[in-house]
Amino acid sequence: MTASGQFEEIDFDVEEALALVKEGGAPVPDDSGSTGASRPVPSPAPAAGSRKDTAEQHTEHHTATPWQRARAIAGRAPRRPDTAVSVTLDAALGLVLAAPLAALSDLPSFDTSAMDGWAVAGPGPWDVRAEGVLAGHAQPQRLTDGEAVRIATGARIPQDTSAVIRSEHGRTDEKERLYATRDVVHGQDIRPRGQECRAGDPLLPPGTLVTPAVLGLAAAAGYDTVAALPRPRAEILVLGDELLTEGLPHDGLIRDALGPMLPSWLRALGAEVIAVRRLGDDAEALRKALRRSDADLIVTTGGTAAGPVDHVHPILRRLGAELLVDGVQVRPGHPMLLARLKENQHLVGLPGNPLAAVSGLLTLAEPLLRTLAGRAAPEPYTLPLQDSVHGHPYDTRLVPVVLRGERAAPLHYNGPAMLRGIAVADALAVVPPGGARPGQELEILDLPWAMAGIEVCFT
Ligand SMILES: Nc1nc2c(c(=O)[nH]1)N[C@H]1C(S)=C(S)[C@@H](COP(=O)(O)OP(=O)(O)OC[C@H]3O[C@@H](n4cnc5c(N)ncnc54)[C@H](O)[C@@H]3O)O[C@H]1N2
Ligand code: MOO
């Protein structure tokens, strides 16, 4: 069935009909000179004479967004307001704090011994008490001058203690009298209550990424749950009749490489993947899936070009979606697209060629998910290139590289349909139009397991 055949056969609902009526005359959102790419989805094949601006629309349709600008547009997606959730510590890793983390108690919450040894009072030698003090025990009896008590690291300091002597810096005689083998400084090896913070002290601002260390700090400061921004919810729609989910390729059919790859890739970028659906090349199934989805981000694979079964553009148009990015000046992956389906719902259309899809993930999905999850952009960095890389005459290239010492070595097997290069890569190098020579500094995009690997392990 052709795309246009499907177009006529399927029934319209009111919103879709309105979207079509508005087509060509739909309001072009004010991009304030910032995106230069925000526009209604143009018709792939407008009827002759139906629009005066056909030629202009056609030209615009083929105006791809520069790579940096496409990333910036994706990174400006508005977050749902007031979406903070209370999350138990074991589920908070990789999220971003939605509220300041203030200490719920003093840290430490009591004067505590920093070392195993003796707590002593006054000048030595000291009589050592029969019973020692261990961590987690109730408040020990106060010391009197000339008295010592064996004490464990983390145990409560008895009142009137003047110092702690480490076990290796003291010796006892047969009468249990303690002698210091080094000078004793008043207060040594005692961690006073509130040394790190007082109850109410601000510890971390909102927007902090919850790392393993943040979980430890939150627990130490008395938290069972934290207020965090939820993971953006992503749904994956895999398009293509030619895809097999198991076994060897045969008879023109190929294995689906994206269905197995995308969920963990999106998780690594901070998303919660709520569904993976295989829709074949069925325009109506795509339309229904888009209408039904309540995901924050829908990722489609394939069908972005202008072939007879490339349904993404026509269906977005039918649904009245707003194309924010329609093609990007990047290789591979130039047919990638970003659309707003409705308020707080975006679609990233990844090209079907697998490395082109990776390029789309890092160009559009990464900044979008980062913004939705409230995470800050990583600090950009460059590395010198080890060997020369051919460039595209006009477009940016993303080339898989391994990081060797202080250099980025480009990998072979970097064609749009190939995954051999990226499978052993540490990162992608951003190659400017025209190419790059050995020693040239190139921007490096880390792969998400290097950038935010904690999410990969824990979701
Ligand atoms: N006339 C033109 N044709 C094409 C152009 C162009 O500019 N003009 N661009 C080419 C480029 S570049 C790409 S990339 C593709 C993008 O095509 P689609 O997004 O429509 O993707 P498909 O046609 O569905 O598939 C392309 C290719 O990838 C294979 N594929 C698809 N899905 C998967 C999957 N899940 N796992 C593995 N491989 C997949 C599919 O079989 C095709 O071989 O368009 C070019 N054409
Ligand atoms: O996106 Mo295509 O080559 O650039 O595969």
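**Close-up views of a predicted model**

**View 1. Leu385 is a buried residue of a loop.** Because 24 C-beta neighbours lie inside 10 Å of Leu385, this residue counts as buried, and the model in which it is seen, here and in the views that follow, is a predicted one. Leu385 is placed in the loop that runs between strand S25 (382-384) and strand S26 (396-404). When its neighbours within four places in sequence are left aside, Leu385 is in contact with Arg407, Ala408, Pro410, Ala429, Ala436, Pro438, Gly439, Gln440 and Leu442. His137, by contrast, is 248 residues apart from Leu385 along the chain, and the C-alpha atoms of the two are separated by 59 Å.

**View 2. The largest nonpolar core of the chain includes Val299 and Ala429.** This core has 93 residues, and Val299 and Ala429 are those with the most contacts inside it. Helix H9, which covers residues 354-372, gives the most to this core, with 11 residues. Ala429, again leaving aside its neighbours within four places in sequence, is in contact with Leu385, the residue of the preceding view, and also with Val399, Val401, Ala408, Pro410, Leu442 and Ile444. Ala408, Pro410 and Leu442 are also among the contacts of Leu385. A second core, separate from this one, has 18 residues, among them Trp126, Leu143, Ala155 and Leu178. As a general background to such views, nonpolar side chains tend to be buried together in soluble globular proteins.

**View 3. Six strands form an open sheet with mixed pairing.** The order of the 6 strands is S10-S7-S9-S8-S12-S11. Strand S10 (163-166) and strand S11 (170-172) stand at the edges and each has a single partner strand, so one side of each is left without a neighbour in the sheet. From one strand to the next, the twist averages 35 degrees.

**View 4. Strand S7 is joined to S10 and to S9 in this sheet.** Strand S7 (residues 117-120) and S10 run antiparallel and are joined by 4 bridges. Within this pair, Gly117 stands opposite Arg166 in S10, while the bridge partner of Trp118 in S10 is Ile165. S7 is also joined by 4 bridges to strand S9 (residues 147-151), and these two strands likewise run antiparallel. Here the bridge partner of Val120 is Ala148 in S9.

**View 5. The shell around ligand 1 has 25 residues.** Of these residues, Gly302, Thr304, Ala305, Pro351 and Gly352 come nearest to ligand 1. Helix H6 (258-268) and H9 are the elements that give two or more residues to this shell, and H9 is also the helix that gives the most to the core of 93 residues. By class, the shell around ligand 1 has 12 nonpolar, 10 polar and 3 charged residues.

**View 6. Ligand 2 has a shell that includes Pro351.** The residues around ligand 2 are Arg331, Pro332, Gly333, His334, Pro335, Pro351, Asn353, Ala356 and Pro416, and Pro351 is also one of the residues that come nearest to ligand 1. By class, the shell around ligand 2 has 5 nonpolar, 3 polar and 1 charged residues.

**View 7. The chain as a whole gives the setting for the close-ups.** The chain has 459 residues, of which 40% count as buried, and there are 11 helices and 29 strands in it. Among contacts in the chain with a separation of 6 or more, 70% are accounted for by residues 24 or more positions apart.

Terms used. Residues numbered from 1 in each chain as written. Chains lettered and ligands numbered in written order. Predicted model: local features only at pLDDT ≥ 70, side-chain atom pairs only at ≥ 80, totals over all residues. Near = placed C-beta within 6 Å. Nonpolar A, V, L, I, M, F, W, Y, C, P; charged D, E, K, R; others polar. Buried ≥ 20, exposed ≤ 12 C-beta atoms within 10 Å, placed from the backbone. Contact = placed C-beta atoms within 7 Å. Core = buried A, V, L, I, M, F, W, Y, C linked by C-beta atoms within 7 Å. Pairing = 2+ DSSP bridges. Axes fitted to C-alpha atoms, helices over the stretch in contact; angles between N-to-C directions.
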